[in-house]
Amino acid sequence: MNDQNLLSCNVLKKSYTQGNNKINILNGINLEVLRGQTISITGSSGSGKSTLLHIIAGLDSSDSGNIIFNGKNLNNLSEKQMCILRNKYYGFVYQFHHLLPEFTAIENILMPLIIRGKILKSETARAHDLLSYLKLDHRINNYPGQLSGGERQRVAIARALINNPLLVFADEPTGNLDNFSSDTVMEIFFRLQKEINTSLIIVTHNAQIAKSTNLQYFLKDGLLHSDLN
Ligand SMILES: Nc1ncnc2c1ncn2[C@@H]1O[C@H](COP(=O)(O)OP(=O)(O)OP(=O)(O)O)[C@@H](O)[C@H]1O
Ligand SMILES: [Mg+2]
């Protein structure tokens, strides 16, 4: 980790309207993320954790406030520019792996590069290295339906990291795994994260995982609190 700022969220607000009711979800979120820094966000179900990640990732829009990522104000980007930024600099791991069932493990890992257009030999080699690192050598050509839950999550992690992203979002990445698989997946995830020096924002209900990050926040009443007590 170094002191270089990667992401700033400034007074992000978001509400949903249901009938005549306005429901405030985010009430002025401020968040700073440094290069290589890991941050966990906990909070009760419905508190707005996924909403916040989606807004930072440009998959949803805020009502007000701004996000500066790598020196760029994301409010000023077109939809297309945001897609390119997401593909190049962001990685995602979700609770359910979201692997494409008709593609093999290695094809799923290479998918962000396939979408971009051209795959270099060095990138295919890197995908193999990642699979090996994740102890999935013997599963390269298996389809997601032929993998266990933990193996699928490891493939999803490799896919999130294949681009050497600057920032990885993980939304309850182990929410669907037993304790043993969860520990294994997280250990590998944090090791790779350090090696690549990618920043990580992880949403989790698991207190132990939350504690293992550089900074811990919880989301309550639409605001991030750093005091866990
Ligand atoms: N499109 C939408 N329209 C209306 N309300 C929405 C919409 N999307 C989310 N919400 C509401 O916003 C709130 C926050 O949802 P969000 O998914 O961010 O919660 P969360 O903290 O990720 O919860 P969980 O831990 O269960 O995943 C919830 O009350 C949800 O019902
Ligand atoms: Mg959620």
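# Reading a predicted model, question by question

By class, two nonpolar, eight polar and one charged residues form the shell around ligand 1. Keep in mind that this is a predicted model.

Reader: Which residues surround ligand 1?

Author: Tyr 16, Gln 18, Ile 25, Gly 43, Ser 45, Gly 46, Ser 47, Gly 48, Lys 49, Ser 50 and Thr 51. Strand S1 (5-18) and helix H1 (49-56) are the elements that give two or more residues to this shell. H1 gives the most, with three residues.

Reader: What makes eight of the residues around ligand 1 polar?

Author: It's down to how the classes are drawn: Gly counts as polar here. The shell has Gly 43, Gly 46 and Gly 48, along with residues such as Ser 45 and Thr 51.

Reader: Let's move to the whole chain. How many helices and strands does the chain have?

Author: Seven helices and 10 strands.

Reader: Why is the chain called as compact as a globular protein of that length?

Author: Its radius of gyration is 18 Å, and the globule rule gives 17 Å for 229 residues; the two values are close, so the description fits. The C-alpha trace spans about 50 × 40 × 40 Å along the principal axes. Buried residues make up 37% of the 229 residues. Among contacts with a separation of 6 or more, 74% are between residues 24 or more positions apart.

Reader: How do you know that the span of helix H6 agrees with what it should be?

Author: H6 covers residues 179-196, which is 18 residues, and at 1.5 Å a residue it should span 26 Å. Its end C-alpha atoms are 26 Å apart, so the two agree.

Reader: Which residues of H6 are buried, and what makes you say they line one face?

Author: The buried ones are Ser 182, Val 185, Met 186, Phe 189 and Gln 193. Look down the axis of H6 and they fall within an arc of 100°, so they line one face of the helix. On the other side, Phe 180, Glu 187, Arg 191 and Glu 195 are exposed.

Reader: What covers the buried residues of H6?

Author: The cover includes strand S3 (38-42), helix H5 (149-161), strand S7 (167-171), strand S8 (199-203) and helix H7 (207-211). Just after H6 comes Asn 197, with a positive phi of about 60°.

Reader: Why is Lys 22 called exposed?

Author: Count its neighbours: 9 other C-beta atoms lie within 10 Å of Lys 22. Exposed means 12 or fewer, so Lys 22 qualifies. You'll find Lys 22 in strand S2 (residues 21-34). Leaving aside residues up to four places away in sequence, Lys 22 touches Ser 15 and Thr 17.

Reader: And why is Asn 70 called partly exposed?

Author: Asn 70 has 14 other C-beta atoms within 10 Å. Exposed needs 12 or fewer and buried needs 20 or more, so Asn 70 lands in between. Asn 70 sits in the loop between strand S4 (64-69) and strand S5 (72-73). Its phi is near 50°, a positive value in a residue other than glycine.

Reader: Where is Asp 221, and is it buried or exposed?

Author: Asp 221 is in the loop between strand S9 (215-220) and strand S10 (223-225). With 11 other C-beta atoms within 10 Å, it meets the limit of 12 or fewer, so it is exposed. Asp 221 also has a positive phi of about 50°, although it is not a glycine.

Key. Residues numbered from 1 in each chain as written. Chains lettered and ligands numbered in written order. Predicted model: local features only at pLDDT ≥ 70, side-chain atom pairs only at ≥ 80, totals over all residues. Near = placed C-beta within 6 Å. Helix = DSSP H or I, 4+ residues; strand = E, 2+ residues; numbered from the N terminus. Expected span 1.5 Å × (residues − 1). Arc of directions from axis to C-beta. Contact = placed C-beta atoms within 7 Å. Rg over C-alpha atoms; globule rule 2.2 N^0.38 Å.
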